[in-house]
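Hello,

Please find the structure below. My notes on it follow.

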Amino acid sequence: MSILTLFVVIPALMLLGLWLAKNLNQVRGVMVAGASCLLALSIWLTIYFIQQRAAGNTDTMLLTYSTPWFKPLNIAYAVGVDGISVVMLLLSSIIVFTGTFASWQLKPLTKEYFLWFTLLSTGVFGFFISIDMFTMFMFYEVALIPMYLLIGVWGSGHKEYSAMKLTLMLMGGSALLILGILGIYYFSGATTMNVNEIAQMHNIPVNIQKIFFPFIFIGFGVLGALFPFHTWSPDGHASAPTAVSMLHAGVLMKLGGYGCFRVAMYLLPEAANELAWIFIILTTISVVYGALSACVQTDLKYINAYSSVSHCGLVLFALLMMTKTSCTGAILQMLSHGLMTALFFALIGMIYGRTHTRDIRKLGGLMKVMPFLSVGYVIAGLANLGLPGFSGFIAEMSIFVGSFENADAFHRTATIIACTSIVVTAVYILRVVGKILYGEVADKHYLELTDATWDERIAVCCLIFCVAGLGVAPLWASNVIADAIGPILNNIIM
């Protein structure tokens, strides 16, 4: 049994502990203990992976394990990690850990909330360690289903509408996925659903690839906010409770980009090359449209939600450019955006919990009232607009430089258009920071508000440390990701 299975076992034990918990302190204790174990395990895995690479271990996948699960369809419980999986597991554990503290004061039904939150986390971790298509899809579904209740019960605003819209659209994407997965399995002639083994066979006819590539790419792309299938995302973000928004934007949306690269492009390479131009156009629209839409919003959550559409669009855009630099930048962007947007949503939730409004027209002068949260918001904003020294800079630079390596006019024109999002992002970030944090205090009642509590400070400080740390020292992550990108990219552009 692989040690990777602990990423599923620990959340399962957390679910059992939460079910048995008798009071709020026990619930919090179970969450902190479990989240800490997951964080420690992911940090150990990252260090182990770096050490293996330094020692010259060039295996594509490490810590692999496979055992038959349902033999009639050759479904197996198969797990393994490469550099992409490792950084995604690290990101997920950071968001779960900080999300636990961001939800410290959540009421009512705290126990039930954390049960569904942990189940969602189980699906995320299981997805990133899986290398069997069906197992991956199963964990994908486990990650999606809890979102309906987490938003519909503990959300705010038009929560029932948002929860239903999110569920229907993501389930629609899942329907496309299962058709695509079955198509790959049957037409590859494989006796396994192992992603790496099917990729090595490389025997799916090109005309079949062209049929099923859109199914897989759009199926995962719906979760990655691919235009025009992104409309569930802003409503879902706006209505979700704080920690769910953090996990949703920080990790769940990354399942989309990961799946597009690991399954759609890796297993259907000829179709990826021939049909990429269609999705490059759609992702370019996502990047620019998301940024422009953020400019005209007045709700803090909607601003960050449309910003996420833009930044997640950049991930798919960079993957479709199919250069090693752009694909490395795409994974770095997944890691960076996950940390930045989690920080943003955490701060927005904390501000909303005090002011009871997210309307920027009703906010102002918060720096005088809650300096810790305000400084955190400034840091998140600077990271989001790509300031050097923060994680966003190295990710976006890798994306745009790598994309421009394509010498033809189409790819370079798309890259230039996508680059305009940098300017637009700076506009809406600086506008919001100036409006809500500086100037006169908008409401005299705000003068009575308190700054961040100790649990909120833990969440914010951890995320700021990660955003700044990745920006100052990105080379370790870049090297780990680049080693994993190579074999996949070689299969795509062979």
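**Notes on the model**

The protein has 20 helices and 2 strands, both taken as DSSP runs numbered from the N terminus (H or I over at least four residues for helices, E over at least two for strands). This is a predicted model, in which local features need pLDDT of at least 70 and side-chain atom pairs count only at pLDDT 80 or more, while totals for chains, interfaces and linings use all residues. Residues are numbered from 1 along each chain as its sequence is written, and side-chain values use heavy atoms, without hydrogens and water.

Overall dimensions: the C-alpha atoms fill a box of roughly 70 × 60 × 45 Å along the principal axes. The radius of gyration is 21 Å, which agrees with the value near 23 Å for a compact globule of 494 residues; it is taken over C-alpha atoms, and the globule rule is 2.2 Å times the number of residues to the power 0.38.

Of the 494 residues, 62% are buried (under 20% relative accessible area; exposed is over 50%, partly exposed in between; 1.4 Å probe, protein chains only). Among contacts (heavy atoms within 4.5 Å) between residues at least 6 apart in sequence, 81% join residues at least 24 apart.

One residue to look at is Asp408, in the loop between α17 (391-404) and α18 (409-437). Asp408 is partly exposed, with a relative accessible area of 33%. From Asp408 to Phe344 the C-alpha distance is 37 Å, with their positions 64 residues apart in sequence.

Regards
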